[in-house]
Amino acid sequence: MRMSQGGLIDRGRILNFSFNGRSLQGHPGDSLASALIANGIRLVGRSFKYHRPRGIFSAGSEEPNAMLRIGPEATAEPNTRATQTPLYEGLQARSQNHWPSLEVDLLSINNLLSPVFSTGFYNKTFISPRKLWPVYEKMLRHIAGHGRAPGQRGPEQFEQCFSHCDVLIIGAGPAGLAAARRLASTDLRVVVVDECERPGGWLLKENTSIDGSNGTDWCDRITRQLSAAENVTLLYLTTAFGFYDHNLVALAERLPSGAATFSQRLHRVRAKQVVFATGSIERPLVFANNDLPGIMLAGAARAYLNQFAAKVGQRMVIYTNNDSAYRSAVDLSDAGVDVAAVADLREAPHASAIARLSERGISLYKGARIAAHGRRHLRSVRLCHSGSEQALQLDCDTLAVSGGWTPTLHLHSQSGGAVRFEPQLDTFVPGTPKQATVAAGAVNGLHGLQECLDDGERAAVTIAKRFGLVTGAPNGRSIDPSNESVENQLLFDTDCPAVKVVNQHKARRRGIGASGKYFVDFQNDVTISDVRQAYRESYVSVEHLKRYTTLGMGTDQGKTSNLNGLDLLAGLREEPVPKVGITTFRPPYTPVTLGLLAGQSQGAHLSPTRKTVLHAKHEQAGAVFDFNGLWLRPRCYLRHGETEETAIGREIRAVREGVGMTDVSTLGKFEIQGADCAEFLNRVYIGNMDTLVSGRCRYGLMLSDDGMVLDDGTVTRLDQQHYFITTSTGHAEHVLQHLEFLLDVLWPELDVNLVAVTEQWAGVAVAGPASRKLLRQLAGSDTEVLESVPYMGYASIELEESGQCIKARLLRISYSGEMAYEIYVPAHSATHVWELILNHGPGFDLQPYGMDAMDVLRIEKGFIVVGADADGRTTPMDIGMGAMLSKTKHFIGRHALTRPAMHESGRFQLVGLQAVNYQDGLFEGAQLTRLAGDRGYGASIGHISSAGFSPLLQRHVALALVRDGRKHLGQTIYSQDPARACPTPVGVTIVEPCAYDPEGARLRR
Amino acid sequence: MTKLQSSIQIPVRNTLAPGVTLRQYTGYSLLHFMTRGDRDKATELLARQLNMSIPTCPNTAISHTNGMRVLCFGDKRWLVHAPVPDWKLEPVEGCAVTDLSDSRVLFCIKGEPVREQLARVCTLDLASSACAPGGCALTQFEQIPVLLHVNDNCSYDLYVENSFSEDLMRVLTVKK
């Protein structure tokens, strides 16, 4: 039903698209909804609960019915509003929530069973037996009616960007454009966004004139002016969906397919001032069968006609409680639609409105009550006077309804702004703002075009004043007064009584055949009966009503239903609407895809990847990488034909029997300098650090305020006032924040300069009985220095090769239990040093080793990893390091350790585990039980925190946190690991954590 | 001397936005300079040694015609960028000097649409009215810590830790 002329579509071009496989055509400028209407499609979906037939109801973001799946089958995006989807070539649309087809939906049996499916049905029916809930849930999810997620990733690209501006104008209707035009003449940075494909708002949908030209031309003229202004950015197809603290506004921009390499972009806009020119949304009326396809908002019928040149029907009735719908009658009648009647709830509509109908011979029924009839779509309406039982039947295919206008308060409310009830308009309007915002136009309850334009100007002046620009500020020009001449015309003249829910007297209901359902919320199939039942069951709070009935939930968030539901509840409570209150508006205003929120940060790019300067060397050596925090580290180095297990075993043997090298650049490293360093370290670590002399290292444990282990590492005193400390890889950032907080907030008086040098110093650990021999080859003239470095000692040496010297920090510390050295060199020298060591390696069977080998080596020794073996609930006593606690000084966490609970029995303590049967595997995360048959909640007495296979001991080694573990040394418990498909419990003996060289003789050689 | 490499290897499947160039500097020294004591005294001593003005306001930088640049990125923290490798600062009383020359990679991203490109990942307002040439700021590009220096409206220097440099190139480019 496309008209031969008019509208804002490009008739010169054809766009092919499909709906449920049927090929159709539209034009550029069409929305999917307008194209469907123009092609005579009325039935577009089935309702959520009752599977009732539904048609297009609105022309904007408030659409509750026309939720379609858009795109190729495998990647189709569900719940996409047809009214907000610009038509493009090749668009594929499908209806959702029906089986087997849209026309014949067997699930519509729910409609017949609706007395059973009343409000609270699910809550009451599926609450017991609880054991069956998983079955119920699966079934309910399967039949839930809001589309299904695509099975494959779609072709859409998602991007994000950060924007900043002085003024963000949300809505490019008359008020928004008026404000933008005024602000464009200043030097302020202005961003104007609108959710439609072109600016203008209702001006595009109405027959209006401004300054002698029609509304569309005026919009185009203003848009050209704004586009030409350097300080103004216009964003179309962009929805402001969330308002957050400090004027942070989230925008979802949809880019027409093929226009760029991405199709959706999330803008995070930080605006100094925001103008809400968000307009208002027409309310439906509630009457019998008010959901039939063919019934739509009166404004929408007008919009499809004026903007898209699409007639919504051939014979129409209009049902209203205000004058704005009369405009639809006039426009549609002038376009050749047979407007059979206007039924007005009011007894005395305005004379001017009546006159316009009379001119066109349209019948008017005052004080009318109505009911709709039809099965798959509207066939007729029956109406009668409110004081009469005699009904009149009018055959029609379209019923346009209007129950007044609701300001679009969502963003204002999200910004924390107050709302106030306006009795004359019977709706809420913005009250006092909380952030730097101004509301303008229809959102303020203004409905005259002149009023809206003036209000836009007023908002601009208010904003300009806030920037000090009224009288001409140094950085900008003053605001010019408006010289627009606008006829006194109304956009939405809503002199409406507070009657939106059409309560029918029983006798009159019989008269008009009003036996159907009265829908308040179309998207969630909530009827008047549901609201009444909820009220009877004591859900008298508007928030409870919402959750019990789902009124106002779903993808449309009750844009067309909230006020009607509120009116109904207020009537039931016999209280005024303001007293009943309004539900909270939460982002998003309209649905956004998860892809948009994720943006570029998807898959491997969810978080950054850190690589050491030796990464290329590891790749050359055949490393298999794994993440350790953000760092990519070698897990092991594969040789030709080797399995990972074999490689790890080989690497472990190399360290135990010869020499191995590994990259320890990822360890957190800090330098501290200053007169009070010793005092600072004493306060941070549990051991005495003031006794540490220059040239020595010490293992250190630091605690959180609550006495739990925060991190461990080493402290090296380089000279009197200069220390080098290392932390675990995963906790470096946390430790830095902790130390900076202590210095900047708690102890600003300390002369301690802390700098993170993790990236400045690359580290290579050389470990094994032959490590010293190997390093002798590199130490050159510093060989004696190397020989003299004791266990836990430090020296500055120069590594020599072909006359080239590299200064290095040499720390004789070990994480493997073997004699070992950590060599730290400036990062740019690291690859050279790695090669240098490697080149001298063949004589010693040197092998690089990875994280997995390192893990087994340290588990054999009982060395902990903070995060695994100390998990944030672990004290130094729990991991057997109570002896390190200094009794002569204060340190962070000391006081917390005096709490009785820290010393009570029942704490999880670190122990070693040895499988009773050496061939049994032990795995991280396995739960430990006293008996093999112990199962279920409370049976666990601990878990394995670290585990691996020791080729040297020829068995698995493990560390575990076991309740009162140290009291049970020698006892057998059971490891249960059903998640790894090991159904049989494994008997394990609790042993000391250290399983290898407990005296530490190999370390000190 | 500090040089700009003629080209830089960017991720294979990515490309720079039209009109934007990304290059890497080589041959420079970076020294972290901080004090816990008197800031004025520290800046005076540093200024005397460098023979140039020292920025005292955080998020500002001063560049000298000889290529020296001092960036103030904290209340009592500065980064001294010298245009030659292995450049050293003499010890300054009451202050700590730490060599960070090996810790960071320095990129220069420039071009007419560079602000648009950076807006994809940078939360800062880079408009000239908000971020004038000579400004600097510690920020994050998609969780990657970056010290950003504004050369002019179309050119920015980015100091990024070595380990993040490869990922930063991905972040600064777009998929082909």
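A salt bridge is counted where a side-chain nitrogen of Lys or Arg lies within 4 Å of a carboxyl oxygen of Asp or Glu. By this rule the structure, which is a predicted model, holds 58 salt bridges over all chains. Side chains of opposite charge can pair when their charged atoms come close. The overall form of chain A is described before individual pairs are taken up.

Chain A comprises 25 helices and 50 strands. Along the principal axes, its C-alpha atoms fill a box of roughly 110 × 75 × 55 Å. Of its 1005 residues, 60% count as buried. When contacts in chain A between residues at least 6 apart in sequence are considered, 67% of them join residues at least 24 apart. The accessible surface of chain A comes to about 39,600 Å², and carbon and sulfur atoms account for 52% of this area. Chain A carries 103 positive and 104 negative charges, and the mean positions of the two sets are 6 Å apart.

The interface with chain B was examined next. The size of an interface is often given as the accessible area lost when the parts come together. Between chain B and chain A the buried area is about 3,000 Å², with 44% contributed by carbon and sulfur atoms. In chain B, the residues that lose the most area to chain A are B:Arg36, B:Asp102 and B:Ser163, which together give 24% of what that side buries. The contact involves 33 residues of chain B and 39 residues of chain A. Six salt bridges are found across this interface. A:Glu740 and B:Arg77 form a salt bridge, with their closest N and O atoms 3.4 Å apart. A network of salt bridges also links residues from both chains, namely A:Arg610, A:Glu733, A:Glu759, B:Arg104 and B:Glu161.

Two members of this network, A:Arg610 and A:Glu759, form a salt bridge in which the closest N and O atoms are 2.6 Å apart. This pair links distant parts of the chain, since A:Arg610 is in strand S31 (residues 610-611) of chain A and A:Glu759 is in the loop between strand S39 (753-756) and strand S40 (761-767), 149 residues apart. A:Arg610 is buried, with a relative accessible area of 7%, and A:Glu759 is likewise buried at 7%.

A salt bridge within one helix is formed by the side chains of A:Glu679 and A:Arg683, at 2.7 Å from N to O. The two residues are separated by about one helical turn because they are four residues apart in helix H20 (residues 677-684) of chain A. A:Glu679 is partly exposed, with a relative accessible area of 36%. A:Arg683 has 19% relative accessibility and therefore counts as buried, the limit for this class being under 20%.

A:Glu818 forms a salt bridge with A:Arg1005, the closest N and O atoms being 3.8 Å apart. A:Glu818 lies in the loop between strand S42 (804-811) and strand S43 (820-826) of chain A, and A:Arg1005 in the segment after strand S50 (982-991), so the pair ties together parts that are 187 residues apart in sequence. With 0% relative accessibility, A:Glu818 counts as buried, whereas A:Arg1005 is partly exposed at 44%.

Backbone geometry was also considered. Most residues other than glycine have a negative phi, and most peptide bonds are trans. The peptide bond from A:Trp99 to A:Pro100 is cis, with omega near 5°, and A:Pro100 is found in the loop between strand S7 (91-94) and helix H2 (109-112) of chain A. A cis peptide bond also joins A:Pro587 and A:Pro588, with omega about 0°. A:Pro588 is located in the loop between helix H16 (577-580) and helix H17 (594-598) of chain A.

A:Asp426 has a positive phi, near 55°, and lies in the loop between strand S26 (419-422) and strand S27 (427-430) of chain A. A:Asp426 counts as buried, at 5% relative accessibility. For A:Thr550, phi is near 70°; this residue is in the loop between H14 and H15 of chain A and counts as partly exposed, at 24% relative accessibility.

Helix H13 (residues 528-536) of chain A has A:Ile528, A:Asp530, A:Val531, A:Gln533 and A:Ala534 buried. The buried residues of H13 pack against several elements of chain A, including helix H3 (121-125), helix H14 (542-549) and helix H15 (562-573). Just after H13, A:Ser538 takes a positive phi of about 80°.

Terms used:
Residues are numbered from 1 along each chain as its sequence is written. Chains are lettered from A and ligands numbered from 1 in the order in which they are written. Side-chain values use heavy atoms; hydrogens and water are left out. Buried means under 20% relative accessible area, exposed over 50%, partly exposed in between (1.4 Å probe, protein chains only). Contact means heavy atoms within 4.5 Å. Accessible areas come from the Shrake-Rupley method with a 1.4 Å probe; for residues, only the protein chains shown count as cover. Lys and Arg count as positive and Asp and Glu as negative; His and the chain ends are not counted. The place of a charge is taken as NZ of Lys, CZ of Arg, CG of Asp or CD of Glu. Buried area is the accessible area (1.4 Å probe) that two parts lose on being put together, summed over both.
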